[in-house]
Amino acid sequence: MHKFFRQPIDDVLAALEHLVTVRNPLTTMVPALVTMLVTWFVYVGIHELLHVAGCLAAGGAVSKLEISSRYGGALYAKVFSFVVTASEYAGRLSGFETYGSDWIYMATVFGPFVLTVLFGVTLVKFCAKRRRPILFGVAIVVGLAPFYNLQGDY
């Protein structure tokens, strides 16, 4: 069990080692940090839409998804009728119906983490083997989502 929780830390440290053990770490760290920032702003909306997808796929209903305009909420609102930009959070699924089903609730909460498991963890592991600063920025945001979402999604 200890290895299960330790593995993400080891993978991130291995990937980070590839970025800092170069002659000039700025050549790898700047692209990684810029990519992390851009990915974060894009990921917020995708993350919230995956909550919606989880809810709908399990048989629930969605009436209101809040995405701050800072994270593209106005753009999402043009595409999806249930998106509103008035939010004190980066994003929050505030109007959804589970019809009392724990399964629908669980699918709603964990929907975004399918992306983490299938895509993010794979990227982190890839970056742990090769120096890829731009992919590292994406990997950190997507692959570590369950950890920095502990307070919000769980």
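## The sheet

In this predicted model, 3 strands come together as an open sheet with mixed pairing, arranged in the order 2-1-3. Strand 2 (83-84) and strand 3 (91-97) sit at the edges, each of them pairing on one side only. Strand 1 (residues 61-67) runs antiparallel to strand 3, and 6 bridges join the two. If you would like a landmark for this pairing, look for Ile 67, which stands opposite Gly 91 in strand 3.

Which helix packs on the sheet? Helix 2 (residues 26-57) does, and it touches strand 1 and strand 3. The direction of helix 2 makes about 170 degrees with that of strand 1.

## Aromatic pairs

Searching the whole structure turns up 4 aromatic pairs. One of them is formed by Phe 41 and Tyr 71, whose rings are stacked: they lie 4.9 Å apart centre to centre, with 20 degrees between the planes. This pair links distant parts of the chain, as its members are 30 residues apart. Phe 41 belongs to helix 2, while Tyr 71 is found in the loop between strand 1 and helix 3 (73-79). Are these two residues buried or exposed? Phe 41 is partly exposed, because its relative accessible area is 31%, whereas Tyr 71, at 14%, counts as buried, the limit for buried being under 20%.

Phe 80 and Phe 82 offer another pair to look at. Their ring centres are 5.6 Å apart and their planes meet at 35 degrees, so this pair is tilted; stacked would need planes under 30 degrees apart. Phe 80 has a relative accessible area of 28% and is therefore partly exposed. Phe 82 has a value of 17%, so Phe 82 is buried.

## Helix 2 against helix 4

Helix 2 also meets helix 4 (residues 102-129). A packed pair of helices is described by the angle between the axes and the distance between them. Here the axes come within 7 Å and cross at roughly 140 degrees. Why is helix 2 oblique to helix 4? The crossing angle is what makes the two oblique, because roughly antiparallel would call for an angle over 145 degrees. The crossing is right-handed.

The contacts are easy to trace along both helices. On the helix 2 side, the residues involved are Tyr 43, Ile 46, His 47, Leu 50, His 51, Gly 54 and Cys 55. Among their partners in helix 4 are Ile 104, Ala 107, Thr 108, Gly 111, Pro 112, Phe 113 and Leu 115.

Conventions: Residues are numbered from 1 along each chain as its sequence is written. This is a predicted model: local features need pLDDT of at least 70, side-chain atom pairs count only at pLDDT 80 or more; totals for chains, interfaces and linings use all residues. Side-chain values use heavy atoms; hydrogens and water are left out. Two strands pair if DSSP finds at least two bridges between them. Helices (H or I, at least four residues) and strands (E, at least two) are DSSP runs, numbered from the N terminus. Contact means heavy atoms within 4.5 Å. Axes are lines fitted to C-alpha atoms, for helices over the stretch in contact, and angles run from 0 to 180 degrees between N-to-C directions. Rings of Phe, Tyr and Trp (its six-membered ring) pair if their centres lie within 6.5 Å; planes under 30 degrees apart count as stacked, over 60 as edge-to-face and the rest as tilted. Buried means under 20% relative accessible area, exposed over 50%, partly exposed in between (1.4 Å probe, protein chains only). Angles under 35 degrees count as roughly parallel, over 145 as roughly antiparallel, 65 to 115 as roughly perpendicular and the rest as oblique. A crossing is left-handed if the near helix is turned anticlockwise from the far one by less than a right angle, and right-handed if clockwise.
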